[in-house]
Amino acid sequence: MAIRLATQRRPPERAQEGAPVALRLLGVTIAVFALIPLISLVQHAATVDPDVALGQLFRPRMAMLLGHTFGLMVTCVAASIVLSLACAWLVVRTDLPLRGLWHVLLTAPLAVPAFVNGFGWVSLTHAVEGYAGASMVVTLSYFPLVYLPVTAALRGLDPVHEELAGTLGLSRTQTFLRVVLPQLRPAVLGGSLLVALHMLSEFGALKMLRFPTFTTAIYDQFNTSFNGAAAHMTASVLVLVCFVVLLVELRLRGRRRYAPTSSGTPRVAARLELGRARLVALLLPGAVTALALGVPIYSLLRWVSIGTSTGRGSEDLLPTALATIVFALVGALLAVALALPVSVLVVRHASRTSTLIERSTYTANALPGIVIALALITFTIRYVPGLYQTAPVLVAAYLIMFLSRAVVSVRSSLEQAPPVLENVARSLGLSRMAATWRVTVPIVLPGIGAGAALVFIAICTELTATLLLAPIETQTLATRFWSLSGGLQYGAAAPFALLMIGLAMPAVYLLSRTPGRKS
Amino acid sequence: MTSRLLAVAVPLLLLTGALSACSQEDDGPFITVYNAQHEELLKELAPKFTDETGIEVKLRNGSDFELGNQLVAEGDASPADVFLTENSPAMSLVEKEGLFAPLEEGTLELIPQAYRPASGDWTGFAARSTVLMYNTSEISEDELPTSIVDLAEPKWKGRVSFSPTGADFQAIVSAVLETKGEAATKAWLEGLAENGEVYDGNNIVMQSVNDGEVETGIAYHYYWYRDQQESGENSSETALHFFTNQDPGAFVSVSGAGVLESSDKQEDAQEFVRWLVDEAGQQALADSYALEYPLNPDVQLDSQVKPFSALEPPVVDVSALNGPKVIELMQDAGLI
Amino acid sequence: MTVLRTSSLTRSFGSVRALDGVDLEIADGAVLAVLGPSGCGKTTLLRVIAGFLSGDAGEVSLGDRVVLSDGRARVSTKHRNIGYVPQEGALFPHLDVAANITFGLSRRERRAGDVADLLALLELDPSLASRYPHELSGGQQQRVAVARALARKPSLLLLDEPFSSLDASLRESTGRAVMRAVQARGAAALLVTHDQNEALSLADSVGVMQAGKVVQVGPPIEVYAHPATPFVASFVGAGTVLSATVADRVAHTPIGDFDVAEDVGSGPAQVFARPEQVRIVEDSKVVATVRGFDFHGHDATVHLGVDGHPEVLCRVGGDELPTIGDEVRILTHGRVTVYPA
């Protein structure tokens, strides 16, 4: 997921032809599909008496929750950026020992679902409860979403700009701040957007870490008052926040162009020799790995060893793992298939409509899983009752929830495949299709793989929609972990979480192998 | 890479296709149960029902609110035949929407009136008692309050934990409201909000007491007994204190069972609920790991658990739990 | 006063000696072009002088400061007071022209007229200040890159094949404009290039590098007219290597005789004849066959076949083209440098 050459608006001299009608129709269809939960949400919220609605919204507790949500979002995004920049720099630009291993390990926290991480931490210490602890644990779970694109972008940076800065009298630090950082901006922004949206909808981990936010309040509202309408109305506030985040990101991304000004093949930057500081530098990736991977895995293993329920339900491990793999694979492949037309629209046929289509795939990211699941229940029963609680509808829910992860990756890789290459191929006698297949597809393939891997991991760990929409009697690792740990059978539950982490590992490895800019 | 992915995906798809084909072959009678009770419990009970009746039980598991809201969203199109919950408010939600079919008389009369609504639309089938857990090295038994209402007194500041966001705690608030009235409840909630440490989930409450984070915690009895059974990891430093004398702190909440009106398997569904509350089902419950109280007076939990008959719960209408007033009071106190 | 002096500078990459004892000097305000084929070490030389690389042995001084000794860098790039213009300029893509130019200036050092002055110095339109790099032509990007490098008034400007990506017509005008600007700022320049036209026309002196060594340094005219080796001769311009017998300061070759510049004794030798030292005439003993020609408009280079020499180059006026296959007579003249046989 190399987010490097991102630009929203093309320079005027490269005016683009309009998108083919079929592509535009496809794009609009995907956008409408992605907006199903939002549409349903608005319908529900509209049924609430406005007076009641206002009374509910303008309670002091709501202000507190909104404050919590914003605080968590800002802290986690900032912490993810700092952590990712530091780790990416160590891995890409220094002679840190075992760089390859660290890179995989720093990607791996993606395989540990936030609620498992939260569970692991809380069962070891209560010190992680509250704002500081929640920020730490959730950052540890999500920072790879920033780390990965930043690493890829850093790998692709032409070191000539940094050398120049040296001749212009800048110190190493100044060079990093004024030359490297601005060029990493699209990568940082793309990753931060995903982290911010995940913060909006994060539920399980925050419940365990005792940090109430808007989303946990929505669950409480469903849970305590059993008033679905009011809960939907609260969720619509979350959607507004999501819109703000999307706009802010667009604005920060700006109209500046980040394409390289030199067309030559960039040299690989020389690695900084850390010398004796190597050992000290090891502390950072070491600590991050220990906290983000070591703690939850240790905690799970500990439960396996001390729980008396250990082994119960182990006959379910294989079938649930199999079901999880199949859902995750099918979902991942379909997600990148849908992400392709969206990315082609926004990269090759930039327009207001294209941007709207692309942005609409992000909205579901900010919605709690229960809202999406209920929306799909209503929608399916009304329009395609025959499909209710069948695998296709569950996969559709996964697609709506995780499409944005695929779009982020595919889009950024498509930005590295300039259309001129296809034109060259066509001048060499290839048909349009063949040119796409032999030139653009190979260039975009790593991005597609990364997008599929991200979606795969997300589906492996999804809970709420799976509970409500899966075909009857179909269980995944996440639902089994949930029901066993809810019944306090931690020893029996832990193997399911461990297997969930194990399953996601190949995807993590694939992600960590995805190169940055290919030269 | 696409080809590699395909190489994995295609066999897997074929495999699942085969698997689902196998599972669809059992064409005998079956019912679909939306189960918000602990999944493990139903996995112990259902096979026994199938052995006796030949009716398969297919489970959809979720939490009370998830499945309750799902049933409401589904309406008449629901594929569910039976709804089971951990607590009664979700039953009330579905009842209010008119989605339940009345239970048969023969089923209802097996359970004491106090543990089912007057409407006869659903019935309780298991119960749990409110308890005060305490850390035995932090506080001695004689310092413990005689009423849950006392926990609002200033001397308990920072010494009590509870989980207000679950349906469980709200049932306790309902009990206080029923027995003590609105003004007293309001004062109690404000005091508790001031004194208490708020956790999410009764298991976390228990952990925090066990770890010495707080001296006492309000929870249900079975969390403690089950943890003792599992490892004692989260309860070895604690003991249970049962309130007595119809104190609202002695409140007993019920797990509900009901038959959906939209079900086209009314007979089998009714049979399942009847089995659940008659001697066979209740004995299976008592024998399970769950340690929840059976509600059929003919069956007793024979273990170290304090006998159901020894509890002294207050009288509260199960269908009145979690009324809007309770929510309003809790919101005013800033608890939710 | 010298701006740059390197002595016995060496640097290897594995078994490849990229710099093999390089000694060079640049006088105040002078422009030295280092010319050589790719892989000869010229870019390594520039990178060591800039401080991007360390050396293995040798010394580099900038002005009166030793910035590298025993191969190790003693002064970091930041403090070397140099300007650097890489290939294709490498403007910061996220900054506009004005911000690129003032990039190396601290807030205190910036003055209102800086950008306008430097744009004017590079003969650029002041309205370009607010443009972004991708909105500039290649030549404009290159000039802005030079302006950026000159903004801090470096004593030495390092230019790494700065004009190679420009098309021929732009290359010359851009090169001249850059050199005028360098001169106006009183800076010296080290221009690394593989294009002999660029080196000969822009520099005060030219150093030719081959396999890590500087084989000849001197004013362009001297290097062109008296190349130190046949390699230098063929690299700084076209010509023909001829076997010769030298006697009495005359070199006798199969295509005719040449004067020899200095007394080198007598015996067999090699000489190098420039195309303009061979003329097609009406009357001569030497007969050649026209094999082909490269037409340049104002003149042309004719490829001739002579007994014993498959290819002899000869320059003719653009209006005097022979026909391929013709037999012509040729005459030689002028001085040549003699190399051992």
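1. Which residues of chains A and B are linked in a network of salt bridges? In this predicted model, the network is made up of A:Asp316, A:Arg480, B:Glu39, B:Glu40 and B:Lys43. One of its pairs joins A:Asp316 to B:Lys43, with the closest N and O atoms 2.9 Å apart. The count of salt bridges between chain B and chain A is 3, while the structure as a whole holds 27 over all chains.

2. The interface between chain B and chain A brings together 66 residues from chain B and 61 residues from chain A, and about 5,300 Å² is buried between the two chains, with carbon and sulfur atoms accounting for 59% of that area. Across this interface there are 14 residue pairs in polar contact, counting pairs with both residues at pLDDT 80 or more. On the side of chain B that touches chain A, helix α1 (residues 2–24) of chain B gives the largest share, 9 residues, and the residues of that side divide by class into 30 nonpolar, 21 polar and 15 charged.

3. Chain C is divided into domain 1 (2–234) and domain 2 (238–340), whose centres, taken over C-alpha atoms, are separated by 37 Å. Their contact takes 10 residues from domain 1 of chain C and 7 residues from domain 2 of chain C. The area buried between these domains is about 760 Å², of which carbon and sulfur atoms give 51%; on the side of domain 1, C:Tyr224, C:Pro230 and C:Ala233 lose the most area to domain 2, together 59% of what that side buries.

4. As for polar interactions between the two domains of chain C, the rule finds 0 salt bridges across their interface, whereas 4 residue pairs are in polar contact, both residues being at pLDDT 80 or more. Helices α7 (220–225) and α8 (230–235) of chain C each supply at least two residues of the side of domain 1 that touches domain 2, and that side has 7 nonpolar, 3 polar and no charged residues.

5. Within chain C, the salt bridge of C:Glu161 with C:Lys42 has its closest N and O atoms 3.5 Å apart, and it links distant parts of the chain, 119 residues apart, with C:Glu161 in the loop between β8 (156–160) and α5 (168–184) and C:Lys42 in helix α1 (residues 42–50). C:Glu161 counts as buried because its relative accessibility is 7%, and C:Lys42 counts as buried at 3%.

6. In chain B, B:Lys186 and B:Glu190 form a salt bridge whose closest N and O atoms are 3.6 Å apart; because the two are 4 residues apart in helix α7 (residues 182–195) of chain B, they are separated by about one helical turn. Both partners are partly exposed, B:Lys186 with a relative accessible area of 35% and B:Glu190 with one of 40%.

7. Helix α11 (residues 279–287) of chain B has B:Gly281, B:Gln282, B:Ala284, B:Leu285 and B:Ala286 as its buried residues, and the elements covering them include α2 (39–53), β5 (122–135), α10 (266–277) and β11 (293–294) of chain B. The N-terminal end of α11 is capped by B:Asp278, a side-chain oxygen of which lies 3.0 Å from the backbone nitrogen of B:Ala280.

8. A:Thr69, in helix α4 (residues 60–93) of chain A, is buried with a relative accessible area of 4%. Leaving aside residues up to four places away in sequence, A:Thr69 touches A:Leu200, A:Thr213 and A:Phe214, and a polar atom of the A:Thr69 side chain lies 3.0 Å from the backbone nitrogen of A:Phe214.

Key: Residues are numbered from 1 along each chain as its sequence is written. Chains are lettered from A and ligands numbered from 1 in the order in which they are written. This is a predicted model: local features need pLDDT of at least 70, side-chain atom pairs count only at pLDDT 80 or more; totals for chains, interfaces and linings use all residues. Side-chain values use heavy atoms; hydrogens and water are left out. Domain bounds come from an automatic or database domain assignment. Contact means heavy atoms within 4.5 Å. Buried area is the accessible area (1.4 Å probe) that two parts lose on being put together, summed over both. A salt bridge is a side-chain nitrogen of Lys or Arg within 4 Å of a carboxyl oxygen of Asp or Glu. A polar contact is a pair of N or O atoms within 3.5 Å; within protein, one must be able to donate a hydrogen and the other to accept it, and residues adjacent in sequence count only if both atoms are side-chain atoms. Ala, Val, Leu, Ile, Met, Phe, Trp, Tyr, Cys and Pro count as nonpolar, Asp, Glu, Lys and Arg as charged, and the others, Gly among them, as polar. Buried means under 20% relative accessible area, exposed over 50%, partly exposed in between (1.4 Å probe, protein chains only).
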